[in-house]
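Got a fold on your screen and want to know what sits behind the labels? Let's go through some of them.

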Amino acid sequence: GATQADPRTYPPFRPIEPTGADTLTLPERYRFQVVAPWGEVFTEGGREIGFNHDYVGFFPIDLLEGGSSSTDALLTINHEYVNALFVGGNTKERTREQIDAEMKAVGVSVVRVRREGGGWKIVPDPRNRRIDALTEIELTGPARGSAAVKGATTVRGTVGNCSGGQTPWGTLLTCEENVDGYTKAWAGSGYEAMHQGWVTEIDPFDPAWTPRKRTGMGRFRHENAAVTVAKDGRVVVYMGDDMQDSCIYKFISRGKYAPGNRAANRDLLADGDLYVANFGNGSWVLLDYDRNKKLQEARGSDGKALFGGQADVLADARASALAVGGTPVDRPEDIEIHPRTGEVYASLTNNSKHGNYFGQIIKFREHGDDWTAQTFLWDVFAVGGPQSGFASPDNLVFDPYGNLWMVTDNSDLSSNPTKAFHGNNAMFFFPTEGPNRGRAYRFAVGPVDAEMTGPVFSPDGRTLFVSIQHPGEDSESLDKLRSNFAAKPGSNVPRPTLVAIEGFPGWVKA
Ligand code: FEO
Ligand code: CA
Ligand code: CA
Ligand code: CA
């Protein structure tokens with residue numbers, strides 16, 4: 001039976017209440033430290049940590065030698081978008097200088113951190129680097145060189161870097177989500193929206209390896225990439241399209257994962273099949289022009305064929321998905337795989353179009369517990385609202401016991417009915433088994449206007465890294481700042497930052 005000491009069924013903290021305080025509020029005995037704030041110089045060439053931190057990847061420094069250090073790592077930090085009030089400072093005109101500042105503040109930071117002297121700090125390393133909106137990136141897969149991407153084989157930059165995933169071979173998948181607005185914002189810079197909206201693979205250990213966009217994984221508002229290896233060795237990636245009434249996808253590699261053969265593994269995601277979820281009959285529908293007649297027969301309102309081939313299918317995966325019976329859902333945010341049961345959990349954050357303001361977390365189980373299966377069963381795990389205390393679930397992370405940790409994002413609801421019970425955006429803990437299965441316990445509350453994003457634990461469970469994204473975002477001007485979170489000494493300007501939270505007991509044998 002479950003006991004209070006069982007880490008699979010009870011939180012390792014005393015839950016806290018909602019608050020509107022302008023800090024990161026934590027339970028008794030927990031503390032946080034600002035580790036990698038926006039603007040901090042961290043490379044030999046003088047590059048700075050970017051803005052609006054999102055997904056965090058934790059790559060133990062000794063990973064490629066089979067190690068799992070919890071105190072020394074290369075972290076990857078997504079920088080999702082900028083706020084011109086803070087970056088560049090020119091909120092009036094799209095000057096060349098403003099655009100340059102913005103292009104350099106987005107993308108990904110690869111930064112080495114180490115725990116020493118009781119705290120975390122950035123340490124110099126030749127692998128510390130920025131990938132931004134100007135970095136050269138290679139296209140791979142069926143859309144490479146196609147008309148859909150205007151013939152391109154190499155493109156510039158990665159933007160809209162929201163959540164992501166880590167592969168078993170030690171690379172980052174960074175997901176390009178909200179990429180459309182830059183066509184106007186960065187007009188004149190040569191920005192091409194068809195070169196964005198993909199999943200980009202980056203090797204934090206090898207700066208010489210050109211990052212690769214994986215066009216076989218489709219182009220949509222990529223939220224995340226939950227990566228696993230199926231029984232037969234193929235790699236499976238679950239992905240959400242974060243838009244109202246959009247779908248959940250999975251990608252299955254053609255080749256098989258070969259432990260120890262990193263060079264081969266780094267090419268695995270270039271080739272495979274993309275499927276979309278049909279929640280009506282619990283099936284995965286193949287998005288392949290040659291093997292799915294519905295894609296060949298799909299017509300627009302003008303009677304013309306929607307797709308001329310596989311590159312078109314991938315470049316507008318949303319239209320393809322809907323044409324073959326993919327089920328539109330309420331804005332899929334993060335997806336994660338339960339470490340013990342193999343079930344796949346997905347945040348459906350909200351959908352104001354349907355009056356779904358609070359969202360829910362669903363889960364599904366693949367047929368035969370095989371991630372390559374063509375069919376699945378699904379269920380609701382937890383529902384947001386005043387009863388459960390959370391609203392708008394966003395990023396997820398499991399601990400090794402199978403407890404789910406979730407951060408909320410109420411920031412983009414135009415009229416926000418969550419404020420009455422929710423306070424600032426928060427982080428919750430849910431047991432996934434035992435008597436409190438699906439019950440939400442509030443672990444942390446973020447500063448004013450902020451969203452906590454990209455949570456990841458160190459392998460020993462003693463440190464939780466989390467991004468504090470967009471503190472003070474709704475400030476009208478620098479004279480009327482709504483937050484001062486993580487401001488530099490002598491300044492009151494808030495800074496998005498990575499923080500390290502400590503006070504956890506670490507993983508103990510359950
Ligand atoms: Fe960038 Fe869907 O969150
Ligand atoms: Ca998100
Ligand atoms: Ca996650
Ligand atoms: Ca969100």
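Q: How do you know that two strands pair?
A: Two strands pair if DSSP finds at least two bridges between them. β3 and strand β4 (residues 107–116) have eight bridges, so they pass that cut-off, and they run antiparallel. Within that pairing, H79 stands opposite G107 in β4. On strand β2 (residues 53–60), six bridges lead to β3, again antiparallel, with F59 opposite L74 in β3.

A quick word on the model: it is predicted, so local features need pLDDT of at least 70 and side-chain atom pairs count only at pLDDT 80 or more, while totals for chains, interfaces and linings use all residues. Residues are numbered from 1 along each chain as its sequence is written, and chains are lettered from A and ligands numbered from 1 in the order in which they are written.

Q: What makes something a helix or a strand here?
A: Both are DSSP runs, numbered from the N terminus: H or I over at least four residues for a helix, E over at least two for a strand. On that count the chain has seven helices and 30 strands.

Q: Why is strand β3 (residues 72–79) called largely enclosed by the rest of the structure?
A: A residue is buried if 20 or more other C-beta atoms lie within 10 Å of its own, exposed if 12 or fewer, and partly exposed in between, with C-beta atoms placed from the backbone. Seven of the eight residues of β3 are buried, so the label fits. Over the chain, buried residues make up 51% of the 510 residues.

Q: What covers the buried residues of α1?
A: The cover includes β3. In this helix (residues 96–105), the buried ones are Q98, I99, E102, M103, K104 and A105. After α1 comes G107, with a positive phi near 100°.

Q: Why are β8 and β9 said to stand at the edges?
A: The open sheet has six strands in the order β8-β7-β12-β11-β10-β9, with mixed pairing. β8 (154–156) and β9 (161–166) each have a single partner strand, so one side of each is left without a neighbour in the sheet. For β8, strand β7 (residues 136–140) pairs with it in the antiparallel sense over three bridges, and E138 has T154 as its bridge partner.

Q: How do you know that the chain is as compact as a globular protein of that length?
A: The radius of gyration, taken over C-alpha atoms, is set against the globule rule, 2.2 Å times the number of residues to the power 0.38. The chain comes out at 22 Å, close to the 24 Å that the rule gives for 510 residues, so the description holds.

Conventions:
Contact = placed C-beta atoms within 7 Å.
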